[in-house]
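Welcome, and please open your viewer. This tour goes from stop to stop, telling you what to select and what you will find there.

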Amino acid sequence: MFSFFRKKPAPPATVHEVQQQPPASETDAVPADAGIAADVSFAADPAVLQHAPEPAPETESFESAPAPVAPVDAAPVDAAPRSWRDRLRNSGFARGLGAVFVRNPKLDDDLLDEIETCLLSADVGVAASTAVVAGLRTRMHKRQFADAGALLATLRAELIALLEPVALPLNIETGAKPFVVLTVGVNGVGKTTTIGKLARRYLDERKQVMLAAGDTFRAAAVEQLRTWGERNGVAVVAQGAGTGLGADPASVIFDALQSAKARAVDLLIADTAGRLHTQSGLMDELGKIKRVLAKLDPTAPHEVLQVIDGTTGQNAISQVRQFQKAAGVTGLVVTKLDGSAKGGVVFALAREFGLPIRFIGLGESLHDLRAFDPYAFVDALLPESFAR
Ligand SMILES: Nc1nc2c(ncn2[C@@H]2O[C@H](COP(=O)(O)OP(=O)(O)OP(=O)(O)O)[C@@H](O)[C@H]2O)c(=O)[nH]1
């Protein structure tokens with residue numbers, strides 16, 4: 001079904017494989033002439049050569065077998081989005097606070113201790129939990145709450161106030177063309193899946209999107225992006241030979257930016273391999289990717305988006321600290337908040353770093369990557385009767 005082309009450009013330039021399939025139902029979402037399979041040529045460029053040690057593969061074209069279905073493709077595209085509350089139903093936060101308030105408890109220090117325990121066990125973190133409960137305690141001692149309901153209303157307001165400063169949407173309309181998003185994070189947090197969902201979101205906004213398969217460590221990640229790209233009409237730049245494994249990620253992403261610029265793409269989203277924040281060599285590689293991108297566009301990447309697994313708990317804090325140091329993180333995505341008892345990490349991150357939380361992942365469907373909305377998030381976590 002899908003045609004793959006392996007090209008042998010003028011040596012010794014890198015060979016990257018690029019495919020574009022017009023989407024079955026949205027041909028107009030991506031202009032026909034946006035396809036880059038037919039004319040991609042990677043002319044020898046000193047900057048490319050400097051970062052491209054891979055030998056060029058033989059020229060070859062063949063019909064591929066259907067690619068394996070990646071999770072993001074398997075997700076029903078047009079399934080009706082489920083509510084935040086529905087998605088966060090398993091949150092320990094919601095259950096814990098619900099249990100505390102359901103019996104209309106007495107306004108006393110024990111109640112505040114119970115609330116603090118709920119916040120701590122949902123991974124809100126010591127600093128944020130203590131600050132929130134201390135504020136409630138002061139007001140309670142000043143007799144500012146008529147009943148438990150009034151206290152809960154203030155708790156809601158305090159939690160929203162913690163999150164509001166970080167609820168800053170990702171704005172790709174900055175004049176940068178393309179706007180470059182470099183996606184980073186530890187292994188398995190949901191980077192590749194998030195990229196597929198993000199690409200879909202911006203395709204739906206009629207943006208021309210390109211993906212760079214900079215995860216040259218995990219074959220499935222490259223396949224996942226390729227499959228996704230083929231089915232949605234999004235060009236994917238990857239190392240040309242088969243899996244693309246072992247290629248220099250900086251080189252792949254550099255070439256992707258070059259292609260994206262040549263084709264006036266609006267948004268380039270680059271995947272990177274998962275790495276432990278404690279692996280200093282791999283962390284340094286992110287710095288190299290940024291330096292190489294800056295050779296083509298001194299303002300790129302325009303967003304370094306760190307994906308955090310919302311079930312990670314407080315370890316998320318040290319992850320962000322290390323990635324911020326190595327890659328200058330400018331925004332966060334917190335995934336897997338569905339099915340997590342620990343959604344409180346969002347508050348801990350907000351308080352600790354003040355970094356924009358761009359999106360949160362509430363499930364595996366394409367609709368489940370939501371722009372971060374602190375009101376909807378907090379109301380989904382609090383007992384239903386108190387949500388505004
Ligand atoms: N429930 C749930 N699962 C998610 C969410 N986001 C991602 N996942 C799942 O998390 C798993 C890992 O996702 P990947 O996108 O492969 O993770 P990755 O960060 O690219 O992995 P590495 O390349 O190994 O670093 C997949 O099974 C995804 O479907 C989410 O918001 N909710």
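## First stop: V307

Select V307, which is buried because 26 other C-beta atoms lie within 10 Å. Here, buried means 20 or more other C-beta atoms within 10 Å of a residue's own, exposed means 12 or fewer, and partly exposed lies in between, with C-beta atoms placed from the backbone. What you have open is a predicted model, in which local features need pLDDT of at least 70 and side-chain atom pairs count only at pLDDT 80 or more, while totals for chains, interfaces and linings use all residues. Residue numbers start from 1 along each chain as its sequence is written.

V307 sits in strand β8 (residues 303-309). Helices (H or I, at least four residues) and strands (E, at least two) are DSSP runs, numbered from the N terminus. Now add the residues that V307 touches: T183, G185, V189, G190, K191, T194, V333 and T335, leaving out residues up to four places away in sequence. Touching, or being in contact, means that the C-beta atoms of two residues, placed from the backbone, lie within 7 Å. For a distance to try in the viewer, pick the C-alpha atoms of V307 and L168: they are separated by 16 Å, and the two residues are 139 apart along the chain.

## The whole protein

Zoom out to see 14 helices and 11 strands. Of the 388 residues in the protein, 48% are buried. Among contacts between residues at least 6 apart in sequence, 79% join residues at least 24 apart.

Try colouring the two domains: domain 1 is 3-55 + 66-77 + 169-381, and domain 2 is 87-166. These bounds come from an automatic or database domain assignment. Where the domains meet, the contact takes 29 residues from domain 1 and 22 residues from domain 2. On the domain 1 side, α13 (345-353) and α14 (374-381) each supply at least two residues. That side of domain 1 divides into 17 nonpolar, eight polar and four charged residues. In this count Ala, Val, Leu, Ile, Met, Phe, Trp, Tyr, Cys and Pro are nonpolar, Asp, Glu, Lys and Arg are charged, and the others, Gly among them, are polar.

## Around the ligand

Which residues come nearest to the ligand? Select G190, T192, T193, G274 and G361, which come nearest of the 23 residues around it. A residue counts as near if its C-beta atom, placed from the backbone, lies within 6 Å of the molecule. Helix α8 (residues 191-204) gives the most to this shell, with three residues. By type, the shell holds five nonpolar, 11 polar and seven charged residues.

## Along α10

Next, select helix α10, residues 249-262. Its 14 residues reach 20 Å from the first C-alpha to the last, close to the 20 Å expected at 1.5 Å a residue; the expected span is 1.5 Å times one less than the number of residues. Is α10 mostly covered or uncovered? It is mostly covered, with 11 of its 14 residues buried. The buried ones include V252, I253, F254 and L257. Just after α10, A264 takes a positive phi of about 50°.

## Backbone surprises

Most residues other than glycine have a negative phi, and most peptide bonds are trans. Look first at R143, in the loop between α6 (126-141) and α7. R143 has a positive phi of about 60° although it is not a glycine, and this residue is exposed, with 8 other C-beta atoms within 10 Å. K336, in the loop between β9 (331-335) and α13, also has a positive phi, near 60°. K336 is buried, with 24 other C-beta atoms within 10 Å.

Then check two peptide bonds. The one from K177 to P178 is cis, with omega near 0°, and P178 lies in the loop between α7 (148-163) and β4 (179-184). A cis bond also joins A300 and P301, with omega about -5°; P301 is in the loop between α11 (280-296) and β8.

## Last stop: D123

Finish at D123, in the loop between α5 (109-121) and α6. D123 is buried, because 27 other C-beta atoms lie within 10 Å. Beyond residues up to four places away in sequence, D123 touches G313, Q314, K342, G344, V345 and A348. The C-alpha atoms of D123 and T312 are separated by 9.3 Å, with the two residues 189 apart along the chain.
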